[in-house]
Amino acid sequence: LQADDVESKIREIIPPGFCTNTDDFVSLLEKEVNFKPFGMLLHTYSVHNEEAGEDITYQIYKADMTCPGFREYHERLQTFLMWFIETASFIDVDDERWNYFLVFEKYNKDGATLFATVGYMTVYNYYVYPDKTRPRVSQMLVLPPFQGEGHGAQLLETVHRYYMSSPTILDITAEDPSENYVKLRDFVLVKLCQDLLCFSPGKLMQGFSQEMVMEAQQKLKINKQHTRRVYEILRLRATDMSDAEQSRSYRLDVKRRLIGPYKKKQRELAKMRRCLRPEELTNQLNQIDLNMQHEQLEESYQQLVSDYRRVLERLAQA
């Protein structure tokens, strides 16, 4: 058998000049002592490393293509997307509406301060009529050696805080978010919102309100859909689920939102009754099993509460 030509496939992704043997790679590592992060420092934080027995410092920077050397660095950095994110694709770096946020580990070795790449996020700034901008998270990656240490939450919160100060920002969204990203976003947004007056326990028990929508958007750049999830998570924390009445009230409140798609099906069914012949209606009714819909609704609710509890557990440990 003839071996596959791996290098030809790699050339389609990685810029020219990549190493093909270990000795060349090790010699290039010696030049890394001169590497410095690109752009503007936004945030510094520490994470305790059990293995090293010490706190390790990390920094988050915002960069763009005007930073000297960043274009070449980004060409190499973005290749990681192909190995770790399904359906990933490269972005048009010549479009000035892209922002880049990068996380670095800062450490000392042999008396020199060095920086290791931890992860990064790209955000595209969409125009919203008449004078606003809506940043949309496009790509987010934390490299495997650093996953599970809270860097994704630090990065997303830093990005939110960066945009919060701008009066021209409407809200922050994400492009085709993964399930893990949604859980991460839930945690970060709940952490940001929990101290707002509109989310006090007394107001939470009164139900979802326009006040919550307005305050979350104006102060934290969170849209209505995400604010609703924040409300449900914080109301769960304020609810005594062992109390039958409180538990029932919470369950009905959440299910009223979840039932939206099922109500749409019921409206479609009403139209069918008026428009279809009896044999056609019977065929459609066989596809709309009301008992199954109730089961699916209950299953969705239980899964949601389970996810919400994990967010609250993480919040309690933060």
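**Two domains and the surface between them**

The end C-alpha atoms of residues 185-236 lie 17 Å apart, and this span is 71% helix and 0% strand, where helices (H or I, at least four residues) and strands (E, at least two) are DSSP runs numbered from the N terminus. This is a predicted model, in which local features need pLDDT of at least 70, side-chain atom pairs count only at pLDDT 80 or more, and totals for chains, interfaces and linings use all residues. Residues are numbered from 1 along each chain as its sequence is written, and side-chain values use heavy atoms, with hydrogens and water left out.

Biologist: How many residues of domain 2 are in contact with domain 1?

Modeller: The bounds, which come from an automatic or database domain assignment, give domain 1 (6-176) and domain 2 (201-317). Counting contact as heavy atoms within 4.5 Å, twelve residues of domain 1 meet domain 2 residues numbering eight.

Biologist: What area do domain 1 and domain 2 bury between them?

Modeller: Buried area is the accessible area (1.4 Å probe) that two parts lose on being put together, summed over both. In domain 1, Met164, Leu170 and Asp171 lose the most, together 52% of what that side buries. Of the area buried between the two domains, 53% is on carbon and sulfur atoms, and its value is about 710 Å².

Biologist: Which helix gives the most to the side of domain 1 that touches domain 2?

Modeller: Across this interface the rule finds zero salt bridges, each being a side-chain nitrogen of Lys or Arg within 4 Å of a carboxyl oxygen of Asp or Glu. On the domain 1 side, four residues come from the helix that gives the most, residues 151-164, which is α5.
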